[in-house]
Amino acid sequence: MERICVGMLFFSALLLVEAAHCAQGRYAHKLLNDLMENYSTALRPVDDTDKTLNVTLQVTLSQIKDMGMSSVQDERNQVLIAYLWIRQTWHDAYLKWNKDEYDGLEVIRIPSSLVWRPDLVLYNKADDDFSGPVDTNVVLRYNGEITWDAPAITKSSCVVDVSYFPFDSQQCNLTFGSWTYNGNQVDIAMGMDSGDLSDFVENVEWECHGMPATKNVIMYGCCSDPYPDITYTVLLQRRSSFYIFNLLLPCFLISFLAPLGFYLPADSGEKVSLGVTVLLALTVFQMMVAESMPPSESVPLIGKYYVATMTMITASTSLTIFIMNIHFCGAEAKPVPYWAKVLIIDYMSKIFFVYEVGESCASPFGKSEESEPFVRKHNRNLKEKPKGAPPPCCPDDEKPAAFHLTFNPCVYCTYRGNGGILGCDPKLVWNVEYIANCFREQKATCLKVAEWKKIAKVMDRFFMWIFFIMVFLMSILIIGNAP
């Protein structure tokens, strides 16, 4: 019996709730018909035409659709595409009712096209479509307060400053105001001090650091009345990781190949080819950066880095050509000047650890045992005669040998007969003297060529370290200038 009573009570409650909903539905229809009777959407809903209608504006930034490398054309045209939720609140003097007369009904939702709406537009709109927000329903309260929430995808013009690209930050303005009503007719107030970012969807390229709002009252030249507007400033910071790994890091690594071109042996024949290849690679990266940048007088930071690197590689290639000319100067070149021998061969070669094969840091260039002239070694060997050797044919053989050996008829001597009478062949002596002179000239030429080659090698090593330091300092300066 008790279960039957409980079931009946529950069924009765459901019937009462359903009856209440049906009653509210009937009252809502009656209320809408009563409100729309003699109502006009063409005029401002105020009791007095001299009275100002206050509209409260609140903007929520939901998402940044495009402004970056994902849409190169938008950034080159300096356009920000954003997804916004726009809330407008105002009071309609002709849409009020006594809630007690309509079964306590306080709120109804009706299409926005049935009521008067403020003509707020985005002043800096950069789209061909001049349609406003979506025609969603409005929330109407019994005291005449109307709240209109509508989503909108806006394209606004934004001045893009790429001076510090890819470490740049941008400030894009969204300016809202009435298109036809002045400040004495429709006044705009801010719902919050800044845009709402609570529902912001993170962008892969941009970080939003805020959206402060300011109210401005502007007097235009065409009209004497004030025109208020509200400007929301979207503070954006570019995420630079993508550009660091795809543009900066390759350029940094390629720039280190320029000093290594000086370390490449000159006989390989690839020194100039390496510099030209590196220069072409940087030119390709420079073109990629130029295509993604909007036309501007300011050169981006990465562009300055590329230009500086290309200038350095051009200078290194030019120096390489000059040094290779020294390396391959040949036998027709003049002797190495004395100051070059002292400064480059004697001192700089030790500082930069440039030594030839068989040469150490303690042995000066050109005075090693391998470079000793053949004539001096031959004369030194003549002194070291084994015991029991026959007496010399010429008394001059006992004299100390000079650096420049002068041949005479006693160079080639033989014993004839038992009496030891000397005999000489003049033609043979002249041939030997000619061969010795040619050998001395060849030795002197080889020594001169070796000195020029060593000067070229020392200069290669010197410029290699200079350009390594330049690349490092240039990279530090570019990164240090980033905000």
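Select V79 first. In this predicted model, V79 has a relative accessibility of 10%, so it counts as buried, the cut-off being under 20%. V79 belongs to strand β2, residues 79–91. Now add V160 to the selection. The two valines are 81 residues apart in sequence, yet their C-alpha atoms are 8.7 Å apart in space.

Next, show the sheet around β2. Six strands make up an open sheet with mixed pairing. Follow the order β3-β5-β6-β2-β1-β8. Stop at the two edges: β3 (107–111) and β8 (186–190) each pair on one side only. Look along the sheet for its twist, which averages 30° from one strand to the next. Strands of a sheet pair through backbone hydrogen bonds, in parallel or antiparallel fashion.

For one pairing in detail, select 137–141 and 145–157. These are β5 and β6, antiparallel to each other over 3 bridges. Display L140 and find its partner: I146 in β6 stands opposite.

Now move to the largest nonpolar core. This core holds 92 residues. Which of them touch the most other members? Select L57, F176 and Y232. Then colour helix α9, residues 426–480: with 12 residues, α9 supplies the largest share of this core.

Finish by centring on L57. Leave aside residues up to four places away in sequence, and show its contacts. I86, R87 and Q88 are among them, as are L120 and F176. Add I188, A189, M190 and G191. I230 and Y232 complete the list. Two of these contacts, F176 and Y232, you have already selected as residues that, with L57, touch the most other core members.

Conventions. Residues are numbered from 1 along each chain as its sequence is written. This is a predicted model: local features need pLDDT of at least 70, side-chain atom pairs count only at pLDDT 80 or more; totals for chains, interfaces and linings use all residues. Side-chain values use heavy atoms; hydrogens and water are left out. Two strands pair if DSSP finds at least two bridges between them. Helices (H or I, at least four residues) and strands (E, at least two) are DSSP runs, numbered from the N terminus. Axes are lines fitted to C-alpha atoms, for helices over the stretch in contact, and angles run from 0 to 180 degrees between N-to-C directions. A nonpolar core is a set of buried Ala, Val, Leu, Ile, Met, Phe, Trp, Tyr and Cys residues joined through side-chain atoms within 4.5 Å. Buried means under 20% relative accessible area, exposed over 50%, partly exposed in between (1.4 Å probe, protein chains only). Contact means heavy atoms within 4.5 Å.
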